Amino acid sequence: MTFDLEYNSERSKLIIPEYGRHIQKLVNHCVKLEDREERNTMAKAIIDVMGNLQPHLRDVPDFKHKLWDQLHIMSKFELDVDSPYETPSKEELAEKPERMAYPKSASKYRFYGTNIQTMIDVALTWEEGDMKEALVFTIANHMKKCYLNWNKDTVDDNVIFDHLYELSDGKIDIRSIEEDLTDSKSLLRKRSTQGQHKTKGKTNTKYRKK
């Protein structure tokens with residue numbers, strides 16, 4: 001008695017491994033069928049099985065379209081059937097996606113984050129007055145807090161004013177203001193206090209007696 005053993009090293013590489021070798025063999029067999037009606041019937045049956053093997057794809061838009069595209073890919077685009085969707089091409093599959101532009105930071109001061117730049121842009125659209133002055137001062141205080149989160153020490157108010165002037169392209173200038181920003185120690189104290197609130201109520205059970 002002889003057995004026809006098939007070793008993995010001798011098997012062809014699966015095009016879409018998620019569906020397994022049996023599905024790939026069914027696809028290969030479907031391609032070789034001479035009768036078009038038989039190919040259509042078998043192709044639809046393979047699609048149904050593929051759908052059952054990948055139930056998570058049912059929540060994906062154009063679920064059936066995706067399965068038919070995968071069927072053509074597994075057939076190396078040699079399957080001639082009446083697909084309900086346009087048959088993809090090799091060139092379309094091999095085409096490289098367009099290169100996405102890497103999002104650039106609004107400035108060299110990355111520690112402020114992009115929201116600061118957005119806030120500054122909004123402030124520039126406001127009319128001159130007490131409301132705008134209050135907004136600008138709030139932005140400056142928030143910049144100082146962001147700076148301290150990065151520097152973790154202290155910062156002179158003039159540094160924040162210079163950065164605000166630069167980020168606003170010279171349109172917001174409070175470098176000669178006499179009012180001081182919130183004290184660095186107060187901002188650091190608020191940050192540490194917030195951290196304590198997060199851990200408040202949690203009991204350390206490491207040394208709890210059993």
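This tour visits two surface patches and one buried histidine in a predicted model.

**Stop 1: the acidic patch.** Begin by selecting Glu34, Asp35, Glu37 and Glu38, which together form a negative patch on the surface. Then restrict the selection to Asp35, found in the loop that joins α1 (20–32) to α2 (36–53). Is Asp35 buried or partly exposed? Its relative accessible area is 37%, so Asp35 counts as partly exposed.

**Stop 2: the buried histidine.** Next, select helix α3, residues 63–74, and locate His72 within that helix. His72 has a relative accessible area of 1% and is therefore buried, the cut-off for burial being under 20%. Which residues does His72 touch, not counting residues up to four places away in sequence? Display Phe77, Leu79, Val81, Ser83, Thr87 and Pro88 alongside His72 to see these contacts.

**Stop 3: the nonpolar patch.** Now select Val122, Trp126 and Met131, a nonpolar surface patch with about 300 Å² of accessible area together. Centre the view on Trp126, located in the loop between α5 (114–125) and α6 (130–151). Trp126 has a relative accessible area of 35% and is thus partly exposed; the partly exposed class lies between the limits of 20% and 50%. Finally, add Lys132 and Leu135 to the display: with neighbours within four places in sequence left aside, both are among the contacts of Trp126. Met131, already selected as a member of the nonpolar patch, is also in contact with Trp126.

Terms used
Residues are numbered from 1 along each chain as its sequence is written. This is a predicted model: local features need pLDDT of at least 70, side-chain atom pairs count only at pLDDT 80 or more; totals for chains, interfaces and linings use all residues. Side-chain values use heavy atoms; hydrogens and water are left out. Patches are made of residues with over 30% relative accessible area and no salt bridge: like charges are joined within 9 Å, nonpolar side chains (Val, Leu, Ile, Met, Phe, Trp, Tyr) within 5 Å. Accessible areas come from the Shrake-Rupley method with a 1.4 Å probe; for residues, only the protein chains shown count as cover. A salt bridge is a side-chain nitrogen of Lys or Arg within 4 Å of a carboxyl oxygen of Asp or Glu. Helices (H or I, at least four residues) and strands (E, at least two) are DSSP runs, numbered from the N terminus. Lys and Arg count as positive and Asp and Glu as negative; His and the chain ends are not counted. The place of a charge is taken as NZ of Lys, CZ of Arg, CG of Asp or CD of Glu. Buried means under 20% relative accessible area, exposed over 50%, partly exposed in between (1.4 Å probe, protein chains only). Contact means heavy atoms within 4.5 Å.
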